[in-house]
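This report describes the fold of one protein chain and the setting of selected residues within it. The sequence and the structure are shown below.

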Amino acid sequence: MNVESHNETIVCPKCELIQIATVEHTVPWHSYVHTCSACQYIITESEWQRVQDTVAYYEELKRGVMGVLGETPL
Ligand SMILES: [Zn+2]
């Protein structure tokens, strides 16, 4: 039987390479395990760093700047 999965963009805590990792929807918890394609470091859930989070953070910053400028309606 097939396990469902989805991809996430993460950054390796060792070499900081940004790469795509597959998260398997195993029961009862999803499997957050990925081997870095550059340094072979095994990234587990506690070190899982989604790049989306970083992007969202910068989006927040940008919105803040836009708020200060307040002249560019979206
Ligand atoms: Zn790495």
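The sections below proceed from the overall architecture to individual strands, loops and residues.

## Overall architecture

The model discussed here is predicted. The protein chain contains 1 helix and 4 strands, and along the sequence these elements follow the order β-β-β-β-α.

Of the 74 residues of the chain, 8% count as buried. When contacts between residues at least 6 apart in sequence are considered, 36% of them join residues at least 24 apart.

## The hairpin of β1 and β2

Strand β1 covers residues 5–11, and strand β2 covers residues 18–24. The two strands run antiparallel and are joined by 7 bridges. Two of the bridge pairs can be named: V11 has I18 of β2 as its partner, and N7 is bridged to T22 of β2.

The hairpin has 6 residues between its strands. Within this connection lies E16, in the loop between β1 and β2. The phi angle of E16 is near 65°, a positive value in a residue other than glycine. E16 is classed as exposed because 11 other C-beta atoms lie within 10 Å, and the limit for that class is 12 or fewer.

Just outside the hairpin, E4 belongs to the segment before β1. E4 counts as exposed because it has 9 C-beta neighbours inside 10 Å. Although E4 and H25 stand 21 residues apart along the chain, their C-alpha atoms are separated by 5.2 Å.

## The nonpolar core

Which residues form the largest nonpolar core? This core has 5 residues, namely I10, V11, C12, A21 and I43. One of its members, V11, is also the bridge partner of I18 in β2.

Another member of the core, A21, is in contact with N7, E8, I10 and H34, leaving aside neighbours within four places in sequence. Of these contacts, I10 is itself listed in the core, while N7 is the residue bridged to T22.

## Positions along β2

Two further residues of β2 can be described in detail. The first to be considered is Q19, which is located in strand β2. Is Q19 buried or partly exposed? Q19 is partly exposed, because 17 C-beta neighbours lie inside 10 Å, whereas a buried residue would need 20 or more. Beyond its neighbours within four places in sequence, Q19 contacts I10, C12, C36 and S37. Both I10 and C12 are members of the largest nonpolar core.

V23 is likewise placed in strand β2. With 18 C-beta neighbours inside 10 Å, V23 counts as partly exposed. Not counting residues up to four places away in sequence, V23 touches S5, H6, E8, H30, S31 and Y32. For one of these contacts, E8, the C-alpha to C-alpha distance to V23 is 7.1 Å, with 15 residues of separation in sequence.

## The loop between β2 and β3

Strand β3 spans residues 33–35, and P28 is found in the loop that links β2 to β3. A cis peptide bond joins V27 and P28, with omega about 0°. Two residues mentioned above also concern this part of the description: H30 is among the contacts of V23, and H34 is among those of A21.

## The loop between β3 and β4

Strand β4 spans residues 42–44, and Q40 lies in the loop between β3 and β4. Q40 is not a glycine, yet its phi is positive, at about 65°. Q40 is exposed because it has 10 C-beta neighbours inside 10 Å.

S37 is also found in the loop between β3 and β4. S37 is partly exposed, with 13 other C-beta atoms within 10 Å; the class of exposed residues ends at 12. What is the C-alpha to C-alpha distance between S37 and Q19? The two residues are 7.8 Å apart in space and 18 residues apart in sequence. The pair is also in contact, since S37 appears among the residues that Q19 touches.

How values were computed
Residues numbered from 1 in each chain as written. Predicted model: local features only at pLDDT ≥ 70, side-chain atom pairs only at ≥ 80, totals over all residues. Contact = placed C-beta atoms within 7 Å. Pairing = 2+ DSSP bridges. Core = buried A, V, L, I, M, F, W, Y, C linked by C-beta atoms within 7 Å.
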